[in-house]
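Colleague: Got a few minutes to walk me through this one? I'd like to start with how the parts sit together, then move on to the ligand.

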Amino acid sequence: MTKKYYEDDADLSIIQGRTVAVIGYGSQGHAHSLSLRDSGVDVRIGLAEGSKSRAKAEAEGLRVVTVAEAAAEADLIMILTPDQVQAEVYKEHIAPNLQDGDALFFAHGFNIRYGFIQPPAGVDVALVAPKGPGHVVRREFEAGRGVPALIAVEQDASGQAKDLALAYAKGVGGTRAGVIETTFTEETETDLFGEQAVLCGGASQLIQYGFETLTEAGYQPEIAYFEVLHELKLIVDLMVEGGIAKQRWSVSDTAEYGDYVSGPRVIDERVKENMKAVLADIQDGTFAKRFMDDQAAGAPEFSKLRAAGEAHPIEKTGRELRQMFSWLKDSDDDYTEGTAA
Ligand code: NDP
Ligand code: MG
Ligand code: MG
């Protein structure tokens, strides 16, 4: 059984004794900085000149300075910008302001795992990754609860990096729910695999194929949308509540029987072979290199793929149909706000 850490395993005074810089004020950045502040931690926010996030952070009474100033002032620097800009931000603004004894923190291991950031030997390098989108992390903290978090130590220069990571996790509410220790390698590889093979890539492709199969067979797109996309949430909610078993218990016997006989016909053992190939590309760095090379070139492949995805007929059908759901009225404005995976 994996060891879990709770409130009594973490000492908040360790993080209260540090000077913390949170770099970036997006999904995770706002949640970490506000909850750390409410936990009695000295926090400043580091943002680029002219950042769109500055006004939001200042409206919460947080002090906002440049990334370089934040890094210079702080002895614990949590990097919460998008993964693809972290190496540049680190090289330009953080590395020149790092001193032995400082700690460099992440919420995802990508840049350390693939060597895009190589910190000096004298700093602690650790990870605190809440397993939820930032607005949930913050909402749960404010409600007196917390979202489970992962911690990992890549480099323990001080000999105290794990206690520091646990203290940070406590400051953002993680130990209220429970903290599990992992490594940068395990967190990065499993996170990328999950989002690529199942949560984002797998689910999106499955839905699109289902929609295409029905509409190409002459069924109305509106009906297809309900059956292959809209109802997915009900199914996933049941799985989150009680596993696949609860989902099968809740649906009709017809649906459950169809699950057993047709599921393995759609997702057959070739899909597992494909998943293994995706995992191999994650493990050997092929995916990370492709992503970062494309970003460095101005993201031509990313932009093309995004445009193609948005042009899929299911998106037009969905935009029209969602007008029928009063409680989803403003939901099409939300998806610029940050991501979960
Ligand atoms: P967001 O995209 O929500 O945050 C972006 C923030 O970074 C904004 O404040 C943005 O400022 C700032 N920023 C962008 N570029 C720069 C730059 N060059 N210099 C300084 N600041 C910059 O990121 P997330 O919160 O989604 O992700 C942050 C980290 O957390 C990532 O490592 C991610 O993998 C990890 N993570 C994210 C989760 C999530 O739910 N989103 C869950 C767990 C981990 P501006 O307003 O100016 O653009
Ligand atoms: Mg049905
Ligand atoms: Mg992810």
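Modeller: Sure. First, a cut-off: two residues are in contact if their C-beta atoms, placed from the backbone, lie within 7 Å. And keep in mind that this is a predicted model, with ipTM 0.97 and pTM 0.93.

Colleague: With that cut-off, how many residues of domain 1 are in contact with domain 2?

Modeller: The chain is split into domain 1 (4–182) and domain 2 (191–230 + 268–336). Their centres, over C-alpha atoms, sit 30 Å apart. On the domain 2 side 5 residues take part, and on the domain 1 side the number in contact is 5.

Colleague: And on the side of domain 1 that touches domain 2, how many residues are charged?

Modeller: That side divides into 3 nonpolar and 2 polar residues. The charged count is therefore none, as Asp, Glu, Lys and Arg are what count as charged.

Colleague: Which helix gives the most to the largest nonpolar core?

Modeller: That core has 61 residues, and I77, F105, A126, V128 and I151 touch the most other members. The top contributor supplies 7 residues, and that is helix 8 (residues 161–171). V128 touches A165, Y168 and A169, among others. So, by the count of residues given, the name you want is helix 8.

Colleague: Now the ligand: which residues come nearest to ligand 1?

Modeller: The shell divides into 12 nonpolar, 12 polar and 2 charged residues. Helix 2 (27–38) and helix 5 (83–94) each supply at least two of them. Of the 26 residues around ligand 1, the nearest are G24, G26, S51, S53 and H108.

Technical notes: Residues are numbered from 1 along each chain as its sequence is written. Chains are lettered from A and ligands numbered from 1 in the order in which they are written. This is a predicted model: local features need pLDDT of at least 70, side-chain atom pairs count only at pLDDT 80 or more; totals for chains, interfaces and linings use all residues. A residue is near a molecule or strand if its C-beta atom, placed from the backbone, lies within 6 Å of it. Helices (H or I, at least four residues) and strands (E, at least two) are DSSP runs, numbered from the N terminus. Domain bounds come from an automatic or database domain assignment. A nonpolar core is a set of buried Ala, Val, Leu, Ile, Met, Phe, Trp, Tyr and Cys residues joined through C-beta atoms within 7 Å. A residue is buried if 20 or more other C-beta atoms lie within 10 Å of its own, exposed if 12 or fewer, and partly exposed in between; C-beta atoms are placed from the backbone. Lists of a residue's contacts leave out its neighbours within four places in sequence.
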